[in-house]
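Biologist: I would like to walk through this structure with you, one question at a time. Please keep the answers short.

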Amino acid sequence: MPPLLDVQELTVEYFTLKGQVKAVTGVNFSLERGATLGLVGESACGKSTLGFSILRLVPPPGRIVAGKIDLEGVNLLNVPLEAMRRIRGSQVSMIFQDPMTSLNPLMRIRDHFVELFQTHDPSIKREEAVSRTIKLLDSLGIGGDRIDDYPHQFSGGMRQRVMIGLALALEPKLVIADEPTTSLDVIVEAQVLELLKQLREKHRLTLILITHNIGIVAEMADLVAVMYAGQIAEIGPTEDMYGDPLHPYTKGLLESAPNVLHPEHSMRPIPGTPPDLVSPPSGCKFHPRCPKVFEPCPLREPLPIHQGSRLVACHLYDQVDH
Amino acid sequence: MKSLSGIPARLLLRKGPKGAEVYLAIAGAVLLVVVVTLTFLAPYIAPYNPIVEIGPALQPPSSQYPMGTDHLGRDVYSRVLYGAIVALEVSAISVLLSSTVGTVLGLFSGYSGGKMDRVFSMVMDSVYAFPGLILAIAIAAMMGPGLVNMSIAIAVVYIPTYFRMIRGQVLQTREQLYVEAARALGAKNSTILFRYIFANIIPSLVVVLSLNVADAILTEAGMSYLGLGIPPPTPDWGFDLSKGKSYLPGGYWWMITFPGIMILIVVLGFSLLGEGLNEILNPRLRER
């Protein structure tokens with residue numbers, strides 16, 4: 001049985017006036033059913049673009065230029081547009097960053113759900129769609145009696161619950177959550193994450209969690225992929241990654257976050273800024289900022305190498321092979 | 001009343017704009033209902049036949065002639081009542097025509113983008129580049145006078161206004177996260193275009209529509225003033241206005257004043273209704 005999701009050599013570029021922005025370059029990973037992948041990295045490292053490309057919704061002028069995205073063995077990049085539309089929402093769906101604006105302000109909560117149910121199954125009756133909505137709202141911790149409210153009558157946390165409900169209503173195989181709690185305060189964030197966890201257990205969800213909050217990833221994810229400049233620097237099981245980061249960038253990322261258990265370790269930011277993706281640095285794209293840079297780094301691009309449970313793209317580990 | 005740290009109490013107590021929009025809309029609607037009713041009642045309540053001489057010329061308002069008589073001895077009051085028919089017909093036809101064409105083209109052009117959008121935008125911009133009245137006059141002159149022709153001429157001039165407004169709003173709205181979210185949940189293109197994009201544009205459309213009706217009446221009056229509208233002796237506010245102007249220096253103020261006031265009332269009615277509807281149609285503003 002093939003893995004639920006298998007992404008191979010995925011390359012996405014934005015064709016701008018300044019040139020081609022290589023947002024995602026040759027990304028490989030696969031995801032088993034029921035697993036949660038945390039996708040972390042700085043802003044503009046390509047993690048959202050990667051999420052959107054799985055739904056084939058990369059906003060123009062972006063285009064998927066190469067690679068394949070297999071969902072249960074079917075390459076989504078070869079699926080006709082109409083079939084792709086049906087896959088969205090029913091097989092793969094997405095939760096967005098800003099719940100305040102992700103619901104249509106003119107539509108009642110009821111209509112959001114009824115529309116979703118009826119789009120994917122025209123034979124479903126309105127009454128049935130409504131009764132399913134009420135049940136769903138109850139399970140989200142929103143009273144079913146709020147079904148006739150408009151989005152503006154809901155708080156940010158409640159709207160995000162609604163959004164999660166919409167994304168999960170048709171029990172999709174894969175849910176992509178693009179920074180689902182970034183715009184919420186910590187208490188609501190904890191509640192929303194708790195809800196996501198519950199629903200994940202209940203429906204055996206496969207989840208891709210895109211975030212720059214490595215704390216959330218530690219809590220939620222089985223696997224972590226660290227992205228830098230459109231590539232996966234390191235990918236592996238969460239405990240291994242956090243316990244013993246191999247890639248200097250992963251190390252830097254972990255050290256730049258506050259650590260409650262070891263407050264004596266002060267935060268150390270990674271110097272420099274992410275590279276310009278129109279003309280990225282030669283060789284390893286991280287080399288201008290890397291504390292462990294040595295001869296091969298600016299010359300050759302590192303290839304992903306297996307290190308125990310992990311894949312890491314760094315020349316430091318080349319030598320082990322030789 | 002106590003004041004709060006030096007801020008006068010009356011400022012603190014002042015009510016916000018809540019509810020004001022409703023009164024605006026109602027005021028506008030009432031004005032329009034009155035005018036529309038008058039058009040229907042004109043044959044029954046007009047004291048005289050508006051197109052025949054019924055007394056001495058240029059009589060000031062009196063109990064016999066409530067708004068005086070014009071230079072041909074016709075009753076101004078009767079002409080004002082009948083004149084509403086032309087004004088409302090022309091503005092209704094032209095605005096309906098231009099808003100339908102402009103909105104449909106704007107929606108598809110903005111949503112599909114690409115080459116089609118370029119071509120439509122260029123065509124619309126070139127129409128827009130003409131001074132509106134001059135273009136309407138040219139079209140009307142080409143097609144000849146008459147109510148329908150004049151309405152079409154005015155409609156052509158206004159199509160780009162709708163097109164540009166709708167297209168701009170589509171470009172803005174389609175970037176909204178709720179459009180992206182709907183797409184990510186598998187919504188159909190038609191659903192996105194109408195329920196998510198167009199529905200959110202309607203408030204702007206209603207405002208432009210109501211202001212445009214007002215503008216169309218003024219353009220109609222302007223064209224009739226130049227003799228391109230309805231052929232005389234049909235009562236027409238614009239035409240009467242133009243005639244009245246030449247008699248104003250002689251002190252015969254009533255010929256120009258009463259049709260002018262009617263134009264003002266109708267324009268005001270539509271403007272108030274438009275402003276009010278804009279606020280009412282938006283569920284977020286509705287609860288403020």
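Biologist: Which residue in the turn of the hairpin formed by β4(A) and β5(A) has a positive phi?

Modeller: This is a predicted model, so please read each value as computed from it. β4(A) and β5(A) form a hairpin, with two residues between them. One residue in that turn has a positive phi of about 50°, and it is A:Glu72.

Biologist: How many bridges join β4(A) to β5(A)?

Modeller: The strands β4(A) and β5(A), the latter covering residues 74-75, run antiparallel. A:Leu71 stands opposite A:Val74. A:Asp70 stands opposite A:Asn75. The number of bridges joining β4(A) to β5(A) is two.

Biologist: Which residue of β4(A) is the bridge partner of A:Val12?

Modeller: Start with the strands. β1(A) covers residues 5-16 and β4(A) covers residues 62-71. They run antiparallel and are joined by eight bridges. In β4(A), the partner of A:Val12 is A:Ile64.

Biologist: Which strands are the edge strands of the open sheet in chain A?

Modeller: Four strands form this sheet, and the pairing is antiparallel. Their order is β2-β1-β4-β5. An edge strand here pairs on one side only. That gives β2(A), residues 19-31, and β5(A).

Biologist: What angle does the direction of α1(A) make with that of β2(A)?

Modeller: Helix α1(A), residues 47-54, packs on the sheet. It touches β1, β2 and β4 of chain A. Its direction makes an angle with that of β2(A) of about 70°.

Biologist: Now to a pair of helices. Are α3(A) and α4(A) parallel or oblique to each other?

Modeller: Two packed helices are described by the angle and the distance between their axes. For α3(A) and α4(A), residues 126-139, the axes are 9 Å apart and the angle is about 120°. Angles from 65 to 115 degrees count as roughly perpendicular, and over 145 as roughly antiparallel. The angle for α3(A) and α4(A) fits neither, so the two helices are oblique.

Biologist: What is the handedness of the crossing of α3(A) and α4(A)?

Modeller: Look at who makes the contact. α3(A) gives residues including A:Phe113 and A:Phe117, and α4(A) gives residues including A:Val130 and A:Leu136. By class, the contact has six nonpolar, two polar and three charged residues. The crossing of α3(A) and α4(A) is right-handed.

Biologist: Which element gives the most to the side of chain A that touches chain B?

Modeller: The contact takes 26 residues from chain A and 17 residues from chain B. On the chain A side, the elements that give two or more residues are α2 (81-90), β6 (92-95), α3 (109-120) and α5 (156-168). By class, this side has 12 nonpolar, nine polar and five charged residues. The element that gives the most, with five residues, is α2(A).

Biologist: How many helices does the secondary structure of chain B have?

Modeller: Follow chain B from its N terminus, and each element in the run is α. The count of strands is zero. The number of helices is 11.

Biologist: What percentage of the residues of chain B count as buried?

Modeller: The C-alpha trace of chain B spans about 75 × 65 × 35 Å along its principal axes. Of its contacts with a separation of 6 or more, 69% join residues 24 or more positions apart. Chain B has 288 residues, and the share that counts as buried is 42%.

Notes
Residues are numbered from 1 along each chain as its sequence is written. Chains are lettered from A and ligands numbered from 1 in the order in which they are written. This is a predicted model: local features need pLDDT of at least 70, side-chain atom pairs count only at pLDDT 80 or more; totals for chains, interfaces and linings use all residues. Two residues are in contact if their C-beta atoms, placed from the backbone, lie within 7 Å. Ala, Val, Leu, Ile, Met, Phe, Trp, Tyr, Cys and Pro count as nonpolar, Asp, Glu, Lys and Arg as charged, and the others, Gly among them, as polar. Axes are lines fitted to C-alpha atoms, for helices over the stretch in contact, and angles run from 0 to 180 degrees between N-to-C directions. Angles under 35 degrees count as roughly parallel, over 145 as roughly antiparallel, 65 to 115 as roughly perpendicular and the rest as oblique. A crossing is left-handed if the near helix is turned anticlockwise from the far one by less than a right angle, and right-handed if clockwise. A residue is buried if 20 or more other C-beta atoms lie within 10 Å of its own, exposed if 12 or fewer, and partly exposed in between; C-beta atoms are placed from the backbone. Two strands pair if DSSP finds at least two bridges between them.
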